[in-house]
Amino acid sequence: MTTVANRLAAFVRTAVLAVLALACLTAAAFAEGAPIASDGRVVGDDNRTRFVLDLTGEVDLSAFTLAEPYRVVVDLPEIDFRLPAGTGTTGRGLVSDWRYGQFAAGRSRIVLDVTGPVKIDKAFVLPAIENQPARLVLDLLKTSAAAFDEDLRKSQLARDTANEAPVQKADQLPPPDRSKREKPLIVIDPGHGGVDSGTVSASGVREKDIVLAFAKKLQERLERTGKVAVLLTRTDDTFLPLAARVQFGRDHAADLFLSIHADSEHVGSVRGATVYTLSDKASDQEAAALAAKENASDLIAGLDLQQETGDVTDILVDLTRRETRNFSASFAGGLVGDLASATRMIKNPRRSAGFQVLRAHDVPSVLLEIGYLSNDQDEKLLTSDEWRLRVADAVTQAVLRFFGQKYAYLGK
Ligand SMILES: [Zn+2]
């Protein structure tokens, strides 16, 4: 690798660890007295558009633009968002839609998708006056692609400098030694979170909520057996970048990484669960499309995607990767069997594609799509406690069998 690529890799790693460190400190509850956002709206036209958010108090903000696709990001301290359901799903003028949520511990973020290159003309917070709440105001102007690129270059320079300052020295502890463990460790990764809702059903059920509920139930059922240890990558409604999820599994030297998602389709009749593993070439078109959708999580949350550092070419890494992929495939195969007895599966439920979150070369990793939020019957199941318990028990069975084969000490 070139020096630049090395430095970039080091920077990405440090940034990921910093986000992880922050995520570990995240408390489930909102900080006392976080300002409440009660309403948000977009006004204006295709040349000049204003975004307004009503708040119960004044806050500091920073706003910046991103390209590919064009977005505007507003970073805020912790905000308790209590906006009417469906807020942000439509826009006006230069804003096509927008979303909001927790971004990291004590930090909230708003991401606006814009129709083309824009310039942030003004970004400020008006204090409350008489009957008016405090208001966050963002004024956007249409601009040319060339002017946008120039602004972006300048603001990225400024932000890179700003970003480097608060990064703490990463925890240098080596990953735990798997062979010294009493129980295998499973990392469950509930997809999305915070500013990234994932897919949303017609009635407003959000993927990020149902996968978190499922992950918690699965943790409970797995721990109940006394045979495995479990950690979750997130335990509350906070966003976590894909690389941070992968790193979490690697830092804990997880014996199995299980990412939980729910899907949606234009065709409402499609339903059932699917089990995915990583592959360079997708098993089919739908799998490729799904991986692209899930891999867009960082974009949706307004992350400025760093250049891919590429897979390391090293013979030992290759050997580990091959072994890891075999373990992943073995678990996935067993999981399909156990799931099929507990819930409906889609046609060809064992698929593969290039999911970023499954990329750890040394942690067996599988992604489970528990069903389709675009299907009414699946939606009912996914939100039902009874179904959740049944499917969590099926996954638990698959996990125990997998480790029973891998580690003799687990017994049958
Ligand atoms: Zn998802």
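Student: What spacing do the donors of the zinc ion follow along the chain?

Tutor: The donors follow H-x14-E-x53-H-x32-E. This is a predicted model, in which local features need pLDDT of at least 70, side-chain atom pairs count only at pLDDT 80 or more, and totals for chains, interfaces and linings use all residues. Residues are numbered from 1 along each chain as its sequence is written, and side-chain values use heavy atoms, with hydrogens and water left out.

Student: What makes His192 (NE2), Glu207 (OE), His261 (ND1) and Glu294 (OE) donors of the zinc ion?

Tutor: Donors are N, O and S atoms within 2.8 Å of the metal (3.2 Å for Na, K and Ca); water is not among the atoms, so sites may look incomplete. The coordinating atoms, with Glu294 (OE) listed twice, lie at 2.0 to 2.4 Å, and therefore they qualify.

Student: Why is His192 called buried?

Tutor: Buried means under 20% relative accessible area, exposed over 50%, and partly exposed in between (1.4 Å probe, protein chains only). His192 has 5%, so the term buried applies.

Student: Why is Glu150 called partly exposed?

Tutor: Its relative accessible area is 33%, which falls between the two limits, so Glu150 is partly exposed.

Student: How do you know that the side chain of Glu150 makes a polar contact with the side chain of Arg153?

Tutor: A polar contact is a pair of N or O atoms within 3.5 Å; within protein, one must be able to donate a hydrogen and the other to accept it, and residues adjacent in sequence count only if both atoms are side-chain atoms. The two side chains are in polar contact at 3.2 Å.
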